[in-house]
Structure formats: structure tokens, C-alpha cells
Amino acid sequence: MYTRCYDPRTRHAEFNDPRLVAVYDSECPWSHKDDFFLSVVNETPAARVLDLGCGTGRLALGISAAGHTVVGVDPAQASLEAARIKPGADRVTWIEGTSPDLPEASFDVAVMTSHVAQFFVQDGEWERTLADLKRTLVPGGRLIFDTRDPRDRGWEIWNLEDSFRRITLPDGRVVEAWTEVIDIRDGAVSFAIHYEFPDGKALLSTATLRFRPEDQVRSSLNYAGFVVEQIYGGWNRENVGAGDGELLVIASA
Ligand SMILES: C[S@@+](CC[C@H](N)C(=O)[O-])C[C@H]1O[C@@H](n2cnc3c(N)ncnc32)[C@H](O)[C@@H]1O
């Protein structure tokens, strides 16, 4: 595997550049993954729900429409702007920020979806985030998140032609995109997503995701004071190793 340096300004452009936010939104409609999260949230009636890393708000809006009170938090202003103009957005509280901004003992449920947990690459930032989530949940409140099981080696299908896709925007333009893995080390995978717009404009977004094995996920949650209720391996609540290469975590504060 080779290493290549990219301009740091491309980091997380997928969430921060309005042109790429529109691509993300078109590429990520509601799916069975959201059904999973919503079904677990619904186990707590009329819950106060935090969506940390809410992005363009797809799940936050769905949870709100199901009768819960939702706060969506994300550091990416462009993603929040896309969320704020969607139908029903006025019933959700949107906060530009990260976990240190969360209030004390204010939520019954916290969710982090579409692998937000993997964006906390360093152990210190992951531990601080879990400590903040513990602090913002009421005692017994639930934390629900997905993180990819490293045993599935999902990054191996991200590379180049395997990841090539065409995404149709609401205005009919078709954007071509593909992912290039650029480095794998210390349990973290760095990659670039290349985008080509029909007018020839080429854009790039880079990121690094941490792949924590199940035992590290469990020990970090225990260290933060959570009790792990359940970890599933797939969206139909399969056992770990038997599902979709996921670790779908439900823990209580
Ligand atoms: C793959 S997107 C998921 C968005 C949304 N949860 C969804 O399901 O579509 C990852 C999100 O994590 C956000 N993010 C990145 N670093 C973060 C941090 N330190 N705290 C909270 N969110 C973060 C990004 O801005 C982005 O919106």
C-alpha cells in the first residue's frame, strides 16, 4: 500500500463543501439502516434524542417525525444548512458543534449513524467523546451507533474501479465518484473520494476512519461508564460476524 499526501483543505470536504454535500445527500437516502436506528430509538417512547454527527439530517428528521424531540449536532456548517431547509426541519434543534458543546443530563437516547464513531481516530478523542455522551445522557439513557467490524476488511472493496458510482443530483446532473484508499496503518484507513461533475469540474474529499475491533469498542464503552446491552453484526440484528460486517452497538449510560 502506498502513501500519498493530499491538500489538508480537502479533509471532510464531503461534509463541508456545499457542492459535495448535495452529492452526499443524493447518494444517501433513507435506508434499512435508518430503519434499524429508528426501531431502537422507538423502544424509548417520546424520547429526547441527540443525533451527534447528524450531517444533512436524514435520520434526525425521521426520528422527529416519529414523535421524538431531536437535537442534531454536527461541526459541518454546509451539512447543517442542507438539513435546515428540509421539510420538518423547524421541529429539530440544529447545533453547529461537537461533543464538548453538549448539555448535562439532557437526553434519553443518543445516536451516531453512518459510522460517525469511526471519525474519532485517536483513542483520546474517542474517549473524550464517549465521556461527553455519558455526561449528556440521563442515567439509563441509551447510546446507539454503528462502526465497521475490522474483521470484514470493508476497505478492500473501496478501491478505485470497485467503488466507481454515478450519482444523479436533484437537478438531473450526474456526478461520477470513486474512492481511493491511500493509507492503512494502526487500525485506521485514509482514503480520498474523487468527484467529477458534468462540466468537467473535479473535486476531492479526504478522510481517515478508525476501525476498532469489538473488544476495543466494549472496553472503551466500559471505561466511559456505559454498560453494553447488545452488539449486532448486521442490520437484521444478526450476531457479530454473521451479518453485514458491522458492529451495531446499544449501550446504556
Ligand atoms: C458519514 S457522515 C454521517 C452523517 C449522518 N449521521 C448520516 O447518517 O448521514 C459523518 C458526519 O460526522 C460528522 N463529524 C465529523 N467529525 C465530527 C466530530 N468530531 N463530532 C461530531 N460529528 C463529526 C461530519 O461532519 C459528518 O456530518
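Trainee: Where on glycine 53 is the N or O atom that lies 2.7 Å from a nitrogen atom of the ligand?

Mentor: On the backbone: a backbone N or O atom of glycine 53 sits at that 2.7 Å distance from the ligand nitrogen. Keep in mind that the model is predicted. For polar contacts, the cut-off is 3.5 Å between N or O atoms.

Trainee: Which part of tyrosine 24 lies 2.6 Å from an oxygen atom of the ligand?

Mentor: A polar side-chain atom of tyrosine 24 is 2.6 Å from that oxygen. Threonine 113 also has a side-chain N or O atom 2.9 Å from a ligand oxygen.

Trainee: How much of the accessible area that the ligand has on its own does the protein cover?

Mentor: The ligand alone has 590 Å² of accessible area, and the protein covers 90% of it.

Trainee: Which residues come nearest among the 16 around the ligand?

Mentor: Tyr24, Gly53, Arg58, Asp74 and Ser114 come nearest of the 16.

Trainee: How does the shell around the ligand divide by class?

Mentor: Nine residues of the shell are nonpolar, five are polar and two are charged. When reading such counts, note that Gly is placed with the polar residues.

Trainee: How many cavities of 30 Å³ or more does the structure hold?

Mentor: One. The largest cavity has a volume of about 30 Å³.

Trainee: Which residues line the largest cavity?

Mentor: Its lining consists of Leu50, Val71, Val73, Ile95, Asp101, Leu102, Pro103 and Phe107. Seven residues of that lining are nonpolar, none is polar and one is charged. The charged one is Asp101.

Note on methods. Residues numbered from 1 in each chain as written. Predicted model: local features only at pLDDT ≥ 70, side-chain atom pairs only at ≥ 80, totals over all residues. Heavy atoms only, no water. 1 Å grid on protein atoms, 1.4 Å probe; cavity = no way out; pocket = protein on both sides within 12 Å on 5 of 7 lines; lining within 4 Å. Points joined across faces, edges and corners; volume = space filled by probe spheres on them. Near = heavy atom within 4 Å. Polar contact = N/O pair within 3.5 Å; in protein donor to acceptor, adjacent residues only side chain to side chain. Areas by Shrake-Rupley, 256 points an atom, 1.4 Å probe, with all protein chains shown as cover.
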